[in-house]
Amino acid sequence: MRFMFVGDSMTIGRAGDYTWRYRMWQHLNRSFGGPYAIVGPRTELYDTTADAPVSTDYARPDFPPNARRHLAGWGEGWLHMAPLIGPAVTAARADVLLVSLGLIDLGFYANSTQTDANARRFIAAARDANPHVRAVLLPVVPNIRALADAPFAAECDRFNELLAKTVADLDTAASPLLLASAPYAYDIHTDTYDGTHPGPTGEHKLAAAFAEAMHQAWGLGGPYERAAD
């Protein structure tokens with residue numbers, strides 16, 4: 001089974017991060033019952049000094065290059081990934097997409113209705129590339145901006161409602177879609193380093209949201225157990 005991480009800055013991570021992708025790799029190594037691969041066209045972290053995704057400075061050198069693969073980008077959302085996902089799925093032969101997108105769209109590019117339309121475009125393109133692709137979609141986790149910007153917070157809430165309807169509308173037996181639960185007890189004050197991007201505890205909670213969804217709904221892997229850093 002071939003897993004692809006798709007996301008924004010919370011998923012690509014910055015130089016020096018573990019990333020929640022690393023936490024998921026640890027989880028799959030512990031609990032997945034068969035052969036698997038992590039796939040995608042990119043491997044780098046975002047370098048804040050260079051203002052570009054050019055870093056290979058992961059917090060743990062035991063994170064092997066072939067497990068660092070992803071389709072994530074700093075400042076990229078559903079709008080940006082919808083045209084990229086089809087070629088990426090085809091090239092990598094991805095079976096399962098683990099998707100965390102939306103915050104960038106709502107914050108800078110589109111409203112909730114437009115963002116939901118881009119999510120539907122993304123799903124259609126992924127299925128054109130692989131009619132049996134599965135996807136786990138994470139609701140938007142509102143960041144610190146939502147505390148002071150009520151219209152933005154409302155758009156986050158509305159998009160999450162629309163995303164739940166999209167998953168219900170488009171889920172099929174041939175190409176299952178799964179809406180993950182929001183990360184349990186996620187606190188932007190303690191689980192992020194800046195009110196948006198996950199620190200170590202936040203990384204574990206994001207990975208757990210995907211892991212628990214796959215385990216409970218599809219029987220893939222086991223319950224999430226936090227490994228030592």
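This briefing tours the pockets and cavities in the structure above. The model is a predicted one, so treat it as a computed picture. Rolling a probe the size of a water molecule over the atoms shows where empty space is left. Here, the largest pocket holds about 280 Å³ of space, and the second largest pocket has a volume of about 170 Å³. A search of the whole structure also finds three cavities of 30 Å³ or more.

**The largest pocket**

- Start with the walls: 16 residues line the largest pocket.
- To find its centre, look for Tyr184, Lys205, Ala208, Ala209 and Glu212, the lining residues that lie nearest to that point.
- Helix H8, which covers residues 200-218, gives the most to this lining, with eight residues.
- Sorted by class, the lining of the largest pocket has nine nonpolar, four polar and three charged residues.

**The second largest pocket**

- Near the start of the chain numbering, Asp8, Ser9 and Met10 are among the residues that line the second largest pocket.
- Other residues in this lining include Leu103, Ile104, Gly107 and Phe108, as well as Asn143, Arg145, Phe152, Thr196 and His197.
- Two helices, H1 (9-12) and H4 (103-109), each supply at least two residues of the lining.
- Of these, H4 provides the largest share of the lining, four residues.
- The classes here are five nonpolar, five polar and two charged residues.

**The largest cavity**

- About 60 Å³ of space lies in the largest cavity.
- Its lining includes Asp8, Met10 and the run Ser100, Leu101, Gly102 and Leu103.
- Leu138, Pro139, Val140 and Val141 also line the largest cavity.
- Three names are worth spotting twice: Asp8, Met10 and Leu103 line the largest cavity and also line the second largest pocket.
- By class, the lining of the largest cavity divides into seven nonpolar, two polar and one charged.

**The second largest cavity**

- The second largest cavity has a volume of about 50 Å³.
- Which helix gives the largest share of its lining? Helix H5 (residues 112-129) does, with four residues.
- Among the lining residues are Phe122, Ile123, Ala126 and Arg127.
- Leu97, Val133, Ala135, Ser175 and Leu177 also line the second largest cavity.
- The classes in this lining are seven nonpolar, one polar and one charged.

Notes:
Residues are numbered from 1 along each chain as its sequence is written. This is a predicted model: local features need pLDDT of at least 70, side-chain atom pairs count only at pLDDT 80 or more; totals for chains, interfaces and linings use all residues. Side-chain values use heavy atoms; hydrogens and water are left out. On a 1 Å grid over the protein atoms alone, a cavity is a set of points where a 1.4 Å probe fits but cannot get out, and a pocket is an open set with protein on both sides within 12 Å along at least five of seven lines; lining residues have an atom within 4 Å of a point. Grid points are joined across faces, edges and corners, and a volume is the space filled by probe spheres set on the points. Ala, Val, Leu, Ile, Met, Phe, Trp, Tyr, Cys and Pro count as nonpolar, Asp, Glu, Lys and Arg as charged, and the others, Gly among them, as polar.
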